[in-house]
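Visitor: I'd like to go through this one slowly and hear the reasoning behind the labels. Could you put it up first?

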4 protein chains.
Amino acid sequence: MSVHRGRHFLQIPGPTNVPDRVLRAMDTPVIDHRGPEFARLGQEVLEGLKAIFQTRSPVIVFPSSGTGAWEAALVNTLSPGDKVLMFETGHFATLWHRMAKGIGIEAELVPGDWRHGVDPAAVEARLADDRSHAIKAVAVVHNETSTGVASRIGEIRNAIDRANHPALFFVDTISSLASIDYRHDEWGVDVTVGGSQKGLMLPPGIAFNAVSEKALAAAKSARLPRSYWRWEDMLANNQSGFFPYTPATNLLYGLREAIHMLLEEGLPAVFARHARLAEATRRAVRAWGLEILCLEPREYSNSLTAVLLPDGHDADRLRRIILERYDMSLGTGLGKVQGKVFRIGHLGDFNELMLAGTLAGVEMGLRLAGVPHKSGIGAALAYLSEEATADARETRAMRA
Amino acid sequence: MSVHRGRHFLQIPGPTNVPDRVLRAMDTPVIDHRGPEFARLGQEVLEGLKAIFQTRSPVIVFPSSGTGAWEAALVNTLSPGDKVLMFETGHFATLWHRMAKGIGIEAELVPGDWRHGVDPAAVEARLADDRSHAIKAVAVVHNETSTGVASRIGEIRNAIDRANHPALFFVDTISSLASIDYRHDEWGVDVTVGGSQKGLMLPPGIAFNAVSEKALAAAKSARLPRSYWRWEDMLANNQSGFFPYTPATNLLYGLREAIHMLLEEGLPAVFARHARLAEATRRAVRAWGLEILCLEPREYSNSLTAVLLPDGHDADRLRRIILERYDMSLGTGLGKVQGKVFRIGHLGDFNELMLAGTLAGVEMGLRLAGVPHKSGIGAALAYLSEEATADARETRAMRA
Amino acid sequence: MSVHRGRHFLQIPGPTNVPDRVLRAMDTPVIDHRGPEFARLGQEVLEGLKAIFQTRSPVIVFPSSGTGAWEAALVNTLSPGDKVLMFETGHFATLWHRMAKGIGIEAELVPGDWRHGVDPAAVEARLADDRSHAIKAVAVVHNETSTGVASRIGEIRNAIDRANHPALFFVDTISSLASIDYRHDEWGVDVTVGGSQKGLMLPPGIAFNAVSEKALAAAKSARLPRSYWRWEDMLANNQSGFFPYTPATNLLYGLREAIHMLLEEGLPAVFARHARLAEATRRAVRAWGLEILCLEPREYSNSLTAVLLPDGHDADRLRRIILERYDMSLGTGLGKVQGKVFRIGHLGDFNELMLAGTLAGVEMGLRLAGVPHKSGIGAALAYLSEEATADARETRAMRA
Amino acid sequence: MSVHRGRHFLQIPGPTNVPDRVLRAMDTPVIDHRGPEFARLGQEVLEGLKAIFQTRSPVIVFPSSGTGAWEAALVNTLSPGDKVLMFETGHFATLWHRMAKGIGIEAELVPGDWRHGVDPAAVEARLADDRSHAIKAVAVVHNETSTGVASRIGEIRNAIDRANHPALFFVDTISSLASIDYRHDEWGVDVTVGGSQKGLMLPPGIAFNAVSEKALAAAKSARLPRSYWRWEDMLANNQSGFFPYTPATNLLYGLREAIHMLLEEGLPAVFARHARLAEATRRAVRAWGLEILCLEPREYSNSLTAVLLPDGHDADRLRRIILERYDMSLGTGLGKVQGKVFRIGHLGDFNELMLAGTLAGVEMGLRLAGVPHKSGIGAALAYLSEEATADARETRAMRA
């Protein structure tokens, strides 16, 4: 195979392109994790994370993948045999459910078609049925990385409230955090699960639990065995900026820089940028004549788009052609949509021209793979330049 | 406080000074963890780790601190209520014991004075007593990071064999791996626990389990709940260089470079270098008129030296003075030796002149702190230049 | 102004996007420039540069910009009052001419329209006229960075030969080296001037003279004062890999890596890649309905394209809009084409998807700036995917 | 030869150890050198350099080694045949003299013994003799890198004034800038020559001219040919933060960071640190029983110390042994002291413990090389801890 030159396009829905500022911040000598300089680092990132999760509650940082933070959410709050309500929104929701069952939780999985988010009405109905309050927690994936469908967390919160049900509310924001608006406090979430390698623009290696008062209370009586994931020691040590075991120092350096970058841009601007790039992507998909996996426009994900290929076309062959010819990685179809779907990640440290390169790569790949399509990049560019014009008009108006 | 210039001396017993080559290797864009380039990376590091652990068995890599790898060793092989024999060699052995108890294991802790390693005879006696083979595992810390005492793993293996006992054998090599000779296969260890941030010269963030056939067999019937730490999915995915959940890619880049560096130098040379620098340190300590915590010369650690201060002198005050005046971090006394002991890390990417700077910093600190002592650095330098002479003589002899 | 996220697109015709591998190579501690490790570095890069210039003659490396290497070519070979024949191909040829006059050379500038390269017939005619061989040197800019016109060096060589004229032949390859085929030896060039920051993919800071035997002979009698630029001391020191004064060590680290990358890809593949991306760019320009500054297709530059805007449209306003809205830098019109022309750099560490992003940025910018145009990116993508198809067909044919 | 591990000790008197912060700053994508972001960078570093040179006059930055800045000082201010008064303080003063002669200046070299600085009385006497004011400039090397002797620039200024002579005053501060107190304005220097790779803690590759009003006036009538080194275009472009030819952007990134670091520490603290480390070095040399090349205590250099070996001992053999055994580079004896002298660089990003490692390496090397000596490092450490005590006492007093 020929040698590739220029940048690789990493357009899987995470890990995402890590900005140079973050890589450079990580490229720094390790310091004593029990010394005063570390304490300042620890306190700064723990405080900064609260802004990212939109919470006043503590956020716990584990040296782990996001999978570990899933486990932490469960083992800190639940006891063997506890009932948890989960929803089959896609591959990751399914894996979380499998994990819960594997560690002794009685997890119910409400079936889904992988093309819709969690239905708030269904949540309300199921909880209303649960008169005995046997269900201890409702666990939802905010943005299904396998399908590009974003569930409406605020409305699900309202559904739980309408059912007047005391269940804990767990939300996985691994592929939505710092990309799609997410409000831990306002939406009354008890444990938010997050990871480093998506909207936070870091390499993988640390993961998060934002933890409400109610969750902390639940932890007191929860009886699932836990040690590494135990919140109590973490929170006690975090008070002074330290950790109960050796933290992943260099990833924390990167985290500090990433938080700076996000707050410098401002979360509303971060979300607007993701929304704009996502909409441009969807316009390109439609112009190509291909189908977006997500069927419900108000559930479109702004961090990735999963695209269905016509019958008889193998999405993984397309992905391989694009990787070989244009040095771009796209997301594979996971689980039951394997081979049928490819996923375009458009999150993290990403902008208009990178998206144009991405869409160009897909479009040229469709041609090489012989997938019938029309040109689509023009539709994306038209939208993006209209948005820029509107934006300019607004800026002028504001200044006037 | 004044601004420090020049390099910080990170002489805690880990995390250690990360070589520039490793930091630079990590300062590289993330790649698709499901793509072909990643598969090559994964296979290379998984294979290379075997050389470091001196094993043909698989080595599992977790995105976690070493604490997580402790937990993994236990939950993969044991069931609730299983008996494990542990030894109070110091702070970390005590923590591992506490973890075991916390997750439902009946862990027995043989008391110790924190100045000796595990006594092979005591192991033999205790196991010989255990006629019913109630003890399922013996767990030993190879090099106690809190005391600078290295237990004799080969001899303990022989003790187990002499007792003809089927217990699994677990060894924590977090602060010995790639610094002090360690042989997973030859010493019949079932689970070796390792970490990235000491002799491996990486930042913290990944940890290891080297796993024998016998341990894998035990995993089949072990009933402690596990998900994140589960070996089975790891091993299945590792076959092709992949991982069941998102790996800490950039730390794996660093790991690849670190393994290259270790094999380039050669493990015997790595061990000899650590032995030489450790002996020079001990000579300085003795010349200062201070006491080495470890009482048994054949148990001296080659990765760190814990030094006792005379009564009435606070080791943490000394450490603070040295940090403020000379920008060097030393290890604090942990647990019951807090304030009495300071620890000099002399492991990892380390050499004669860095050691001289380190010992100079301690010596000047002793002076500033008013701790009575004689000059000691001369004794270290004398030893190191004799070693260099001997080495040169040998090289000439070999060439002749 | 809003914060930009994602990569900046640096599409000026140099400095170009420095690959991470090169930046990382430079991010390495400095070494003793008189020690054995440096000698190996020096010899490696000096040897490697010969491959890049396609020569067996020595290549001299100055810590300087390309401007310094212009001066070096002149002061090493000429004496005050010497006649040199130069050609007004654009801004940089004009600057080189001004420099020559400024240091006491009688430099003749053959006028040009900035839309054509040097006419070999004109060279032949002018030299044939010079019966007395008063002209000591002919100096040509291979690729005019200000216009995107590449002169035909091989044909100019033939023209000199046909005129049977002994003049030295100087060629500036600052923006063609390692992007457009260039052959120092085959084309009988006496001094080739090169720089680091274009096709060589390095930051600016070092520049080159490749020097023929004939040029070295000329240096013996040349009487222009020179010290820093003096070849003799350089060549004497370079024999052993050293330099007469402190070299720019870290740029040499980068140079070593850049040479590795170029030879890894292979110069023919490097040139083919640049040709392909340049042709795609020109197709987009034509589809937009805009005019390419270069009028002669066989003189199209493969490293940049200068584009004329219609009357009444300010190219610098367009560039400013694109910089502000899409975070892309394009080249300004220099000298007499200022405001009329913008330049797209498509050289160095560059590929299809980066080009697509670049062309998208121009196209959206044209829209925002109100410059009349049709969509053009589709034409570029069509060409690029045809090329990929042809390429794939060829690969299959070769394997069969 | 065996593989070295741990940090190389780069203790030549420059290039010096580049701090990680500076290396990381340089490890950043290149930007458009004609764009607004560059203008901010340019203005910031040009302003910051004034603080470092202690001047309000402009400081010019060349992409070149320090040798280039020597040439720039001469060609901008002088005409062919002009007389310049120079002083043979060592190797570099000799080279500067040779350069001056080589480019057509009538340079007089006052002989010296390489063990003393310039004698202010001799300057006064020579200038007083020059009734016709034939001497156009006096050129002095502030700190002779080859000998470790620092001339007294302020006193030389006074001598010129006492002679009432209008000569320009040129000072080379390549190895003193940002290490030893130097005051361009207060000492009435007309051109100060500086480089990046010593006290400024950067890699080599850029060099400086700080230029007085009087020097600028002289430039108007100076007739030596010049183009690359020409101040006029530089100053005109620098007004807006730009440069007349492509600047060495990534070195400017590093320069910005280095200036931040120097001002953060404060120049007085920088000078005090260098003085302290230099005095400790000299105490070690004396304790070893070796001779410091510099004979005049008030001319001791605070950036390096040149040490004489006893007759019959080869300094380069010693250096080779130290490099091979202890991975430390020391400066060679240059010119007429070759083989007799080695030089210890103790400047730049340097501190007490790095110095201790350095002195330990020399001391162990002396032993291996069989050079008779007593132990010396103890004397250095005693001095350094006394200084720390005094410093602590002072701090307490100031707080009280």
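Visitor: Which residue does UniProt list for "modified residue: N6-(pyridoxal phosphate)lysine"?

Guide: According to the UniProt record, an unreviewed entry, that's Lys198(A). Keep in mind that what you're looking at is a predicted model.

Visitor: Where does Lys198(A) sit?

Guide: Look in the loop of chain A that runs between β9 (191-195) and β10 (206-211).

Visitor: Buried or exposed, and how do you know that for Lys198(A)?

Guide: Count the other C-beta atoms within 10 Å: Lys198(A) has 29. The cut-off for buried is 20 or more, so Lys198(A) is buried.

Visitor: What does Lys198(A) touch, leaving out residues up to four places away in sequence?

Guide: Its contacts include Gly14(A), Thr16(A), Ser175(A), Ser303(A) and Gly348(A). Ile174(A), Leu177(A), Ser179(A) and Leu347(A) are also among them.

Visitor: What kind of peptide bond joins Gly14(A) and Pro15(A)?

Guide: A cis one, with omega at about -5°. Pro15(A) is in the loop between β1 (9-11) and α1 (20-26) of chain A. Chain D has a cis bond from Gly14(D) to Pro15(D), with omega near -5°, and Pro15(D) is found between β1 (9-11) and α1 (20-26) of chain D.

Visitor: Why is a cis bond worth pointing out, and a positive phi for that matter?

Guide: Because most peptide bonds are trans, and most residues other than glycine have a negative phi.

Visitor: Which residue in the loop between α5 (120-129) and β5 (135-141) of chain C should I look at for phi?

Guide: Try His133(C), which has its place in that loop. Phi of His133(C) is near 55°, a positive value in a residue that isn't glycine.

Visitor: What makes His133(C) count as buried or exposed?

Guide: His133(C) has 12 C-beta neighbours inside 10 Å. Exposed takes 12 or fewer, so His133(C) lands right on the limit and counts as exposed.

Visitor: And what about phi at Met201(C)?

Guide: About 70°, so positive again in a residue that is not a glycine. Met201(C) lies in the loop between β9 (191-195) and β10 (206-211) of chain C. Its neighbour count is 30 inside 10 Å, and with 20 or more needed, Met201(C) is therefore buried.

Visitor: On to helices. How do α5 (residues 120-129) and α6 (residues 153-162) of chain D pack?

Guide: At an angle of about 25°, with axes 8 Å apart. Angles under 35 degrees count as roughly parallel, so that's the label for α5(D) and α6(D). The crossing is right-handed.

Visitor: Which residues meet there?

Guide: From α5(D), Pro120(D), Ala121(D), Val123(D), Glu124(D) and Leu127(D). Across from them in α6(D) are Glu155(D), Ile156(D), Asn158(D), Ala159(D), Ile160(D) and Arg162(D). By class, this contact has 7 nonpolar, 1 polar and 3 charged residues.

Visitor: Why are α11(C) and α12(C) called roughly perpendicular?

Guide: Helix α11 (residues 315-326) and helix α12 (residues 352-369) of chain C pack at about 115°, with axes 9 Å apart. The range for that label is 65 to 115 degrees, so the pair sits at about its upper end and is roughly perpendicular. The crossing of α11(C) and α12(C) is right-handed. Leu318(C), Ile321(C) and Tyr326(C) are among the α11(C) residues in the contact, and Val362(C), Met364(C) and Leu366(C) among those of α12(C). The class split is 9 nonpolar, 2 polar and 2 charged.

Visitor: How many residues of chain A are in contact with chain C?

Guide: 37 residues of chain A, against 37 of chain C. On the chain A side, α12(A) gives the largest share, 11 residues. That side has 16 nonpolar, 10 polar and 11 charged residues.

Visitor: And which element of chain A gives the most to the side that touches chain B?

Guide: That's α3(A), with 4 residues. The contact takes 45 residues from chain A and 45 from chain B, and the chain A side divides into 21 nonpolar, 19 polar and 5 charged.

How values were computed. Residues numbered from 1 in each chain as written. Chains lettered and ligands numbered in written order. Predicted model: local features only at pLDDT ≥ 70, side-chain atom pairs only at ≥ 80, totals over all residues. Axes fitted to C-alpha atoms, helices over the stretch in contact; angles between N-to-C directions. Helix = DSSP H or I, 4+ residues; strand = E, 2+ residues; numbered from the N terminus. Parallel < 35°, antiparallel > 145°, perpendicular 65-115°, else oblique. Left-handed = near helix turned anticlockwise from the far one by under 90°. Contact = placed C-beta atoms within 7 Å. Nonpolar A, V, L, I, M, F, W, Y, C, P; charged D, E, K, R; others polar. UniProt positions renumbered as here; feature names shortened; annotations may be inferred.
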